[in-house]
Amino acid sequence: MTIRKLTEKDKNLLYNLINNIEANLEDKTFWLPIKDKAKENFFNENWTLFYGAFKDDKLIGACALFFNEYEYGETLSYLKHIPINSCAEIGRCMVHPDYRGNNIMQLINAKLIKEAKKRNINYILATAHPKNFASNISFEKLNFKSIKTIVKENIYSRNIWLLNLDEKTE
């Protein structure tokens, strides 16, 4: 398996993975719908940075690091002590159903955390449906701290996770 930054050349692979994830969700509230504005900026590195896991030439998992208030503003509003220009959000984490249970999301997110550090980000936000055990466990293993549970857009229950990159971890 190879993990690398996705580029515009990977666009169709990413959209195919997204379509597969959306089509196979047992609980549709696990996945927030993607707004057009977000999709338009999937390959704008000042807005979003996607990393993907590949087996041969097949994209089997992907996660994004968002650098803009459009993506994480609502979540950040619950954390008044975090300056908007000092954070990013990990999101749009997805693993093809045939490859789940192999820590792929955790491996991708570890790379995104390194990217955030290179960009002098102090905090990384993440959200996950309370019953999405794989996502919640993955964030915990990456030293994120559980903050609270919220409801986004009046429909989507989410646990908020926060990683303080200034704290020393073992």
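1. A friendly start with one loop: Asn 120 sits in the loop that joins α4 to β5. Please keep in mind that the model is predicted. Although Asn 120 is not a glycine, its phi is positive, at about 60°. The residue is exposed, and its relative accessible area is 63%.

2. Asp 56 deserves a look alongside it. This residue belongs to the loop between β2 (48-55) and β3 (58-66). Its phi is near 60°, again a positive value in a residue other than glycine. With a relative accessible area of 72%, Asp 56 is exposed. If you are checking backbone angles, add Asn 143, which follows α5 and has a positive phi near 75°.

3. Now to the helix pair α4 and α5. Helix α4 covers residues 104-118 and helix α5 covers residues 133-141; their axes come within 9 Å and cross at roughly 40°. That angle makes α4 oblique to α5, because angles from 65 to 115 degrees would count as roughly perpendicular and those under 35 as roughly parallel. As for the hand of the crossing, α4 and α5 cross in a right-handed sense.

4. Which residues make the contact between the two helices? From α4 come Met 105, Gln 106 and Asn 109, while α5 brings Ala 134, Ser 135, Ser 138, Phe 139 and Lys 141. Sorted by class, the contact of α4 with α5 holds 3 nonpolar, 4 polar and 1 charged residues.

5. Met 105 is a good residue to follow from the α4 side. It lies in helix α4 and is buried, its relative accessible area being 10%. Apart from neighbours within four places in sequence, Met 105 is in contact with Ala 134, Ser 135 and Ser 138, and also with Cys 63, Cys 93 and Val 95. Met 94 is 11 residues away from Met 105 along the chain, and their C-alpha atoms are separated by 7.1 Å.

6. Is the helix α5 buried on one face, or are its buried residues spread around the axis? The buried residues are Ser 135, Asn 136, Ser 138 and Phe 139. Looking down the axis of α5, these buried residues fall within an arc of 160°, so they line one face of the helix. As background, an α-helix has 3.6 residues a turn, so residues three or four places apart point the same way. The face of α5 turned away from the buried side carries Phe 133, Ala 134, Glu 140 and Lys 141, which are exposed. The cover over the buried residues of α5 includes α4 together with β4 (87-95), β5 (123-128) and β7 (156-164).

7. Thr 127 takes us into strand β5. At 18% relative accessibility it counts as buried, because the cut-off for buried is under 20%. Leaving out residues up to four places away in sequence, Thr 127 touches Phe 139, as well as Thr 75, Glu 89, Ile 90, Lys 152, Arg 158, Asn 159 and Ile 160.

8. Leu 79 is a loop residue, placed between α3 (69-76) and β4. Is Leu 79 buried or exposed? Its relative accessibility is 4%, and Leu 79 therefore counts as buried. Setting aside residues up to four places away in sequence, Leu 79 touches Leu 125, Ile 147, Ile 160 and Leu 162. The C-alpha atoms of Leu 79 and Lys 148 are separated by 9.8 Å, with their positions 69 residues apart along the chain.

9. Last comes Trp 31, found in the loop between α1 (11-23) and α2 (36-40). Trp 31 counts as buried at 9% relative accessibility. What does it touch, not counting residues up to four places away in sequence? The partners are Ile 18, Ile 21, Glu 22, Leu 25, Arg 92, Cys 93, Met 94, Tyr 156 and Arg 158. For Trp 31 and Arg 92, the C-alpha to C-alpha distance is 8.2 Å, and the two are 61 residues apart in sequence.

Notes: Residues are numbered from 1 along each chain as its sequence is written. This is a predicted model: local features need pLDDT of at least 70, side-chain atom pairs count only at pLDDT 80 or more; totals for chains, interfaces and linings use all residues. Side-chain values use heavy atoms; hydrogens and water are left out. Axes are lines fitted to C-alpha atoms, for helices over the stretch in contact, and angles run from 0 to 180 degrees between N-to-C directions. Helices (H or I, at least four residues) and strands (E, at least two) are DSSP runs, numbered from the N terminus. Angles under 35 degrees count as roughly parallel, over 145 as roughly antiparallel, 65 to 115 as roughly perpendicular and the rest as oblique. A crossing is left-handed if the near helix is turned anticlockwise from the far one by less than a right angle, and right-handed if clockwise. Contact means heavy atoms within 4.5 Å. Ala, Val, Leu, Ile, Met, Phe, Trp, Tyr, Cys and Pro count as nonpolar, Asp, Glu, Lys and Arg as charged, and the others, Gly among them, as polar. Buried means under 20% relative accessible area, exposed over 50%, partly exposed in between (1.4 Å probe, protein chains only). The arc is that of the directions from the helix axis to the C-beta atoms.
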